[in-house]
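Here are some exercises to work through with the model open in your viewer. Try each task before you read its solution.

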Amino acid sequence: MSHGADSPPPSRHRATRFTCAGRRSGPSVPRVTRLTRASRILATTASASALALGLLAAPAPAAPSVPAAPAADEAAPGPTAYAGDGPYGVGQRSMRLPSGALVEVWYPTRPADVAGQPEGTYDVVDWLPPVLEGFLPDGAAVTHPSGGVRRAPIARRGFPLVVFSHGFAGFRQQSSFLTSAIASWGYVVAAPDHRSRTMTTVLGGTPGTTTDVQDLRDTITLVGSKSRTRKNWLHKRVDMTRVAAVGHSAGGRAVENLAVADPRVDTWVGMAGAATGALDEGATAVPTQPGVLLVGGADQIVTRERMEAAYAAMSAPKRWVELGGAGHLAFSDLCEVGEGEAGLLSVADLLGVPIPANLIRLASDGCIDPELASVDAWPAIRHVVVAQLRAVLGPDQATPAAFDGLVEAWPGVVTDSRSE
């Protein structure tokens, strides 16, 4: 978990644990076998309540190799500088909004304060609604590292704030591969549950009008209040003059709309989702803050064409970074669930939970060969997001080299990079 500031470490290795009545799951099964087996389940059910399993999150069992990165304080970082972990360790806590929604917080720690400490975990099963409990075998669990050491002391300085918005039927920890990495580069990352569209809500069949923008605004306000409160663990640890927003899918739409609604936001990043032109085609307002779209060239849920329309509607300064072979779920942890490399379908198989046939694409978009594997996309995603945060919030405003040569630096991963 920990590392020194003199030489950046490789990315954290992550492992999902599957248990069923106290047993680990069986041997790995080739991807095509898992999908075929899951298809037989799909053919026998039309249970719409299983939608959540199409949007669960559980990070990968192993991390890919990452290009060598320079020291964190290097003057002119290159196009792979932020692919791995930064100079800080990562702590993790939960808070609660006035609405009752939980907020997950990842934050920088001194490496010595997390050395040898166990990393926190979450259990995917906890996110299933009661309506699915009858499908679960006794003792079923799908636990995974959540990216930080619970309640570790936060490092002593004022860090910029990044709010993260999860996708439709997702949950606050769905992209811990990214949120924990951002924290390691010196940011406090706060991700609220959007209870109007969480996995539990959608699976329970009662999604309502989304409150995601208000959730994010309330999260910024809550963090600011705690940072001003003496004896609070966040007291003077957050620089509320530097705020960014990052989101995936419906969360990409949310953070763009947040930037329109809230002048506290200095920059935003939409991954496989945006507002005007992509998910809110009738919207007319666009943010004036600098924004980035991260695009999956093979995405069949929010297609490249829809993202192009969103980019055209954005105001400058703006940036487009396309991962040519990436599908919709490459920007989350979702594809890497399961020992058989079938992603969420293997979890459904393990837990005995049915997925209806009409959701097969949603549950697997970006998870099936020949699409770009998520673990191969993650280092580039981390780099681009952190580079944008540093370019706007500091300290890299005068060093755009982190965006120069992305296509050449990430062959077969980044296929297009442009800005206006």
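**Exercise 1: a helix and what follows**

Just after α3, G186 takes a positive phi of about 100°. This is a predicted model, where local features need pLDDT of at least 70, side-chain atom pairs count only at pLDDT 80 or more, and totals for chains, interfaces and linings use all residues. Residues are numbered from 1 along each chain as its sequence is written, and side-chain values use heavy atoms, with hydrogens and water left out.

Task: find how many residues of helix α3 are buried.

Solution. Start with the cut-off: buried means under 20% relative accessible area (1.4 Å probe, protein chains only). Next, go through residues 176–184: nine of the nine are buried, so α3 is largely enclosed by the rest of the structure. Among them are F177, L178 and I182.

**Exercise 2: the sheet**

Task: trace the strand order of the open sheet and say which strands stand at its edges.

Solution. Strands here are DSSP E runs of at least two residues, and helices are H or I runs of at least four; two strands pair if DSSP finds at least two bridges between them. The order of the ten strands is β7-β3-β4-β9-β8-β10-β11-β12-β13-β14, with mixed pairing. β7 (149–150) and β14 (414–419) each have a single partner strand, so one side of each lacks a neighbour in the sheet. At the β7 edge, β3 (residues 89–96) pairs with β7 in the parallel sense over two bridges, and G91 stands opposite V149.

Methods. Buried means under 20% relative accessible area, exposed over 50%, partly exposed in between (1.4 Å probe, protein chains only).
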